[in-house]
Amino acid sequence: MLCPKCGVGLEAGARFCGECGARLEVSLAQALPTSARVSPSESAQTSKIEPKKPAGPPVERTPSPAADPRALASKAYAKARSVDRLAGRTLNGRYLVEKKIGEGGFGAVFRGKQLATGRDVALKILHPHNVSDATVVARFRREAEACSKLRDPHTVITYDFDETEDGVLFLAMELLSGKSLQQVQKAEGTLDPLRVLDILDQVSQALGEAHRQGIVHRDMKPENVMIEARDGKDLVKVLDFGIAKIVSGDGARGPALTAIGQTVGTLEFMSPEQLRGKTLDGRSDIYALGMMTYEMLTGALPFKDAKSSTEVIEFHLHKQAPPPSQLRPDLAVPAFVDEVVLKMVAKRPEDRHATVEELREHIAKVMAGADGAVRRKEILRLAAVVGGLLLVVALA
């Protein structure tokens, strides 16, 4: 018998749900499983008292899986309403769960400590209501598999993955002290074009390692890029490969973890091929980076006037993005930056940079040109100053 309100299993004869407290107003007939119900005619036929049959030899019964203490504990965790109760607990004798520092629909992130080393870590813990969802658990395990392979200095490092006896699934990851790119943009507004190119270069380095291992991120967005200040410079880290698509060497896609026709990602940054449900490669991540670049440079996405998700999809599929400099003429975005961004967001994958390594080469080329232009401008300025002084001396 299940609670009609929350769906939790109930004891026979229960009048109230022990989980949500709902009053149970169902008849005994409704509470019985269908196989145990009888019609009035069947009842009349079976109302005669049958002679009791002699007891046979004892039958050895296999214990019910529900009787397994681990299974019972796992079910208890699945019924828990919050992960907050895990604060102060030690997971598998190795990680102390401390303060919660973030939460989403997939799971929560706690500050923690690895007891053997004393190292501070971030513990990503799957929400209780998700542990009974095979698809969500598979996504969580896929994230562990994807992240454990990545060691680039611009990727958040995953140290460990495990499951407790009562079904708590967790990842132990590098603890960061910086801010997300989204937070940086909110606090600082538009960013300097050369700083933007440097951020793009570091993100591309992280994605390059993933792409070489056949891993496409599929959800690049400002929330998934962390920035720490190191010696006056930005140190960029890419995180959350939770919906990464793992592609085998022969081009075959990894196991699908979504329903047919369902697309996973964040609409504002999705490539045309991702929206169409096509096979993805690293060029889809490049498109998402291009959309992110518009926000960094101009403070808005190129479809800022879209009034519905349908219009956003229409833009991604069919409308050519304008140059960033056209969106904000007041910011004087350099033409060489427009050139990089427009190639990144081309509608056809074959018109974009073929790889993130090619994108990095493009960035290095335009930045070198920019440095040369700055040097030439400085030389001309100094020459003008010196010329002016010589003229003053000559006229004196």
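Which strands does α4 lie across, and at about what angle does it run to β6? In this predicted model, α4 lies across β4 (119–126), β5 and β6 (169–174), and its direction makes an angle of about 30° with β6.

The strands under α4 belong to an open sheet of six, laid out in the order β1-β2-β3-β4-β6-β5, with antiparallel pairing. Its edges are taken by β1 (90–91) and β5 (158–163), each of which pairs on one side only. So β5 turns up twice here: as an edge strand, and as one of the strands that α4 lies across; this is simply how the order reads, since β5 is written at the end of it, after β6, and DSSP bridges decide which strands pair. At the other edge, β1 and β2 (residues 95–103) are joined by two bridges and run antiparallel. One of the residue pairs there is L91 with Y95, the latter in β2.

As for α4 itself, the helix covers residues 134–148, 15 residues in total. From first C-alpha to last it reaches 21 Å, close to the 21 Å expected at 1.5 Å a residue. Just at its start, D133 puts a side-chain oxygen within 2.9 Å of the backbone nitrogen of T135. The buried set in α4 consists of V136, V137, F140, R142, E143, A144, A146 and C147. That list holds charged residues such as R142 and E143 alongside V136, V137 and F140.

A little further along the chain, the stretch after α4 meets helix α6. E209 sits in α6 and touches K149, L150, R151, D152 and T155, leaving aside residues up to four places away in sequence. E209 and L150 are 59 residues apart along the chain, yet their C-alpha atoms are separated by 7.1 Å. Is E209 buried or exposed? With a relative accessibility of 13%, E209 counts as buried, because the cut-off for that label is under 20%.

Helix α6 (residues 193–212) also packs with a second helix, α11 (residues 335–344): their axes come within 11 Å and cross at roughly 35°. The crossing is left-handed. On the α6 side the contact is made by P193, L194, L197 and L200, and on the α11 side by F336, V337 and M344.

There is a second open sheet to look at, with three strands in the order β7-β9-β10 and antiparallel pairing. Because β7 (179–180) and β10 (233–238) each have a single partner strand, they stand at the edges, and one side of each is left without a neighbour in the sheet. Strand β9 (residues 225–230) is joined to β10 by six bridges, the two running antiparallel. Within that pairing, A229 has D234 of β10 as its bridge partner.

Two loop residues stand out for their backbone angles. Most residues other than glycine have a negative phi. D231, in the loop between β9 and β10, has a positive phi of about 55° although it is not a glycine. A332 also has a positive phi of about 55° without being a glycine, and is placed in the loop between α10 (324–327) and α11. Where do these residues stand in terms of exposure? D231 is exposed at a relative accessible area of 81%, and A332, at 58%, counts as exposed too.

How values were computed:
Residues numbered from 1 in each chain as written. Predicted model: local features only at pLDDT ≥ 70, side-chain atom pairs only at ≥ 80, totals over all residues. Heavy atoms only, no water. Helix = DSSP H or I, 4+ residues; strand = E, 2+ residues; numbered from the N terminus. Expected span 1.5 Å × (residues − 1). Buried < 20%, exposed > 50% of the residue type's maximum accessible area, 1.4 Å probe, protein only. Polar contact = N/O pair within 3.5 Å; in protein donor to acceptor, adjacent residues only side chain to side chain. Axes fitted to C-alpha atoms, helices over the stretch in contact; angles between N-to-C directions. Left-handed = near helix turned anticlockwise from the far one by under 90°. Contact = heavy atoms within 4.5 Å.
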